[in-house]
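Here are my notes from going through this model. Have the structure open while you read, and check the points against it.

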Amino acid sequence: MPPNPPSLPSKELHVFPNPAPERDYLIQFVVPEFTCHCPLTGQPDFAHFTIEMIADQACVELKSLKMYFWSFRDEGAFHEKVTNTILSDLVKASDPRFCRITAKWYVRGGIFTNVVVEHRKKGWTPQPRVDLPAVPGEMRALA
C-alpha cells in the first residue's frame, strides 16, 4: 500500500471548528457532477447540487464532502430520496443553523426534476436580509 493511498468514496463526513461561530455567514458548495443511477432501470442519473449552509459550531471539510458525493456513484436512488439523505447526513455531521440543498436533476424522459430540501436549527432566527443598491458596471470594474 502506498504511504498516501488514492482517495476512495466514503460515507464519512468530517468537520472542523467554525472559525467565526459568533456570526451567521453563508457557505456555498456547488457540486456540478453528481452521479448515481436509477433504481428501476439502472441507467445513470446526473445532477447539479448547490448546498447553502450557515454553520453553527462546525464546518464541513471539503475533501470528505467530495468523497461522500462520490460514494453515490454506484448506488441506485430516487432523486427525492438521495437529496433528503444528503441533507440528513450533513445535518447529522455538522449540526448547522441552516442548510438548504437544491438538486437540479438532468432531463430523463423529457422531464427535469428539481428537489429543494432545507433544515433550520430549532430556535435559530435568520438575520434580516440587507439589500444594497446595484453598482453600475463601470464602477464594479474599478473596485
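The points below go from the overall fold to the annotated positions and then to the cysteines.

1. A reminder before anything else: this is a predicted model. Everything below comes from its coordinates, apart from the active-site annotation, which is from UniProt.

2. Let's start with the sheet. It is open, has four strands in the order S2-S3-S5-S6, and its pairing is antiparallel. S2 and S6 sit at the edges, each pairing on one side only. From one strand to the next the twist averages 15°.

3. Now the pairings around S5. Eight bridges tie S3 to S5 (residues 98-108), and the two strands run antiparallel. One place to look is Ile 54, whose bridge partner in S5 is Phe 98. On to S6: nine bridges join S5 to S6, again antiparallel. Follow that pair to Arg 108, which stands opposite Ile 111 in S6. S5 and S6 make a hairpin with two residues between them, and Gly 109 in the turn has a positive phi of about 65°.

4. What do the helices do with this sheet? H1 (residues 62-70) lies across S2 and S3, at about 25° to S2. H2 (residues 79-94) packs on the sheet and touches S2, S3, S5 and S6, with its direction making about 25° with that of S6.

5. H1 deserves a closer look. Its buried residues are Ser 64, Leu 65, Met 67, Tyr 68 and Phe 69. These buried residues pack against S2, S3, strand S4 (58-60) and H2. At the N-terminal end, Glu 61 acts as the cap of H1, with a side-chain oxygen 3.0 Å from the backbone nitrogen of Lys 63.

6. Which positions does UniProt mark as "active site"? The entry, which is unreviewed, puts that feature at Cys 38 and Asp 45. Cys 38 lies in the loop between S2 (26-37) and S3 (44-54), while Asp 45 is in strand S3 itself. Please keep the unreviewed status in view if you quote the annotation.

7. Is Asp 45 buried or exposed? Asp 45 counts as buried because its relative accessibility is 6%, under the 20% cut-off. Leaving out residues up to four places away in sequence, Asp 45 touches Phe 34, Thr 35, Cys 36, His 37, Cys 38, Ala 77, His 79, Trp 105 and Arg 108. The side chain of Asp 45 also makes a polar contact with the side chain of His 79, at 3.4 Å. As for Cys 38, its contacts beyond four places in sequence are Gln 43, Asp 45 and Arg 108. So the two annotated residues touch each other, and Arg 108 is in contact with Cys 38 and with Asp 45.

8. Ala 77 is worth a click too. You'll find Ala 77 in the loop between H1 and H2, and at 10% relative accessibility it counts as buried. Ala 77 and Cys 36 are 41 residues apart in sequence, yet their C-alpha atoms are 7.0 Å apart in space. With residues up to four places away set aside, Ala 77 touches Cys 36, His 37, Pro 39, Asp 45 and Val 82.

9. On the cysteines: how many disulfides turn up in the whole structure? The search finds zero. For Cys 38, the nearest cysteine sulfur is that of Cys 36, 8.6 Å away. Cys 59 is likewise in no disulfide, and its nearest cysteine sulfur, that of Cys 99, is 12 Å away. Cys 38 is buried, with a relative accessible area of 12%, and Cys 59 is buried at 3%.

10. Last stop, S6. His 119 is in this strand (residues 111-120) and, at 18% relative accessibility, counts as buried. The side chain of His 119 reaches the backbone oxygen of Pro 96 at 3.4 Å. Apart from its neighbours within four places in sequence, His 119 is in contact with Leu 87, Val 91, Pro 96, Arg 97, Phe 98 and Cys 99.

Conventions:
Residues are numbered from 1 along each chain as its sequence is written. This is a predicted model: local features need pLDDT of at least 70, side-chain atom pairs count only at pLDDT 80 or more; totals for chains, interfaces and linings use all residues. Side-chain values use heavy atoms; hydrogens and water are left out. A disulfide is a pair of cysteine sulfur atoms within 2.5 Å. Buried means under 20% relative accessible area, exposed over 50%, partly exposed in between (1.4 Å probe, protein chains only). UniProt positions are given in the numbering used here, feature names are shortened, and annotations may be inferred rather than shown by experiment. Contact means heavy atoms within 4.5 Å. A polar contact is a pair of N or O atoms within 3.5 Å; within protein, one must be able to donate a hydrogen and the other to accept it, and residues adjacent in sequence count only if both atoms are side-chain atoms. Two strands pair if DSSP finds at least two bridges between them. Axes are lines fitted to C-alpha atoms, for helices over the stretch in contact, and angles run from 0 to 180 degrees between N-to-C directions.
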